[in-house]
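Hi everyone, thanks for coming. Today I'd like to walk you through one structure, so please have a look at it with me.

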Amino acid sequence: MNPKLIDKPKSKITASRKLSLKIMLLTRAMEQLEQETQDRDEEKLSYLGERLPPLQLSGLSLAELQDLCKQLHGKIDVVDEERYDCEAKVTKHNKDIHELKLKVQDLGGKFKKPALRKVRVSADEMMRALLGTKHKGSMDLRSNLKSVKKEDTNKDKDKVLTSEVTDWRKNVEAMSGMEGRKKMFDASGGQ
């Protein structure tokens, strides 16, 4: 069946009705957001009212003001310690969340490989990384290569050049690689 031939069933709601419903939903969402911000502000003020009573500084002597400052500094230290502990917990939880996301991606098979940077590693370092402590001694990869004498290569080039200069038609049967089969063919065909 061709999917183009099958028409989608038309919506029972008209476009104007859809638009009015969207507008009603958006206005309701805006009202709820405003209400949430007002509730948050009121909660914040009530919390601060409980935790921080208003300061009565009038009529206090110098020693009492110093004691009050020491108390306030002590409270500030306690709050800073709590804030630091909360931040440490948040960073730990974020790290755990990140690790769990990576595990989920691995299980799902949708792992995106990070961009790799180019690293120069010698053969010894690579073998140590792969084999660990099992790797003993150095491994010089160049020592295993064959040595090529330059004189031999020059002679080979000269031979190639001289063979190309000769006329190829003179040696067709010898160069055919058929070891005389061409002669047999010619002999049988000539009869």
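**A pocket and its surroundings**

Let's start with the largest pocket, which has a volume of about 280 Å³. Please keep in mind that this is a predicted model.

Which residues line the largest pocket? From the first part of the chain, look for Tyr 47, Leu 48, Arg 51 and Leu 52 among them. Further along, the lining also includes Leu 72, Lys 75, Ile 76, Val 78, Val 79 and Glu 82.

Now sort that lining by class: seven residues are nonpolar, three are charged, and no polar ones appear.

Next, where do these residues sit in the fold? Helix α1, spanning 15-51, and helix α2, spanning 62-108, each supply at least two residues of the lining. Which element gives the most to the lining of the largest pocket? That is α2, with six residues.

Why does the largest pocket lie between domain 1 and domain 2? Domain 1 (16-52) and domain 2 (61-109) both contribute residues to the lining, so the pocket lies between them.

Let's step back to the whole chain. Its secondary structure consists of six helices and zero strands. Reading from the N terminus, then, you meet α-α-α-α-α-α.

Finally, the surface. How many of the 191 residues, as a percentage, count as buried? The figure is 1%. The protein chain exposes about 19,700 Å², and carbon and sulfur atoms supply 58% of that area.

So, to recap: the largest pocket lies between domain 1 and domain 2 because both give residues to its lining, and the chain around it has six helices and zero strands. Thanks for listening!

Conventions: Residues numbered from 1 in each chain as written. Predicted model: local features only at pLDDT ≥ 70, side-chain atom pairs only at ≥ 80, totals over all residues. Heavy atoms only, no water. 1 Å grid on protein atoms, 1.4 Å probe; cavity = no way out; pocket = protein on both sides within 12 Å on 5 of 7 lines; lining within 4 Å. Points joined across faces, edges and corners; volume = space filled by probe spheres on them. Helix = DSSP H or I, 4+ residues; strand = E, 2+ residues; numbered from the N terminus. Nonpolar A, V, L, I, M, F, W, Y, C, P; charged D, E, K, R; others polar. Domains from an automatic or database assignment. Buried < 20%, exposed > 50% of the residue type's maximum accessible area, 1.4 Å probe, protein only. Areas by Shrake-Rupley, 256 points an atom, 1.4 Å probe, with all protein chains shown as cover.
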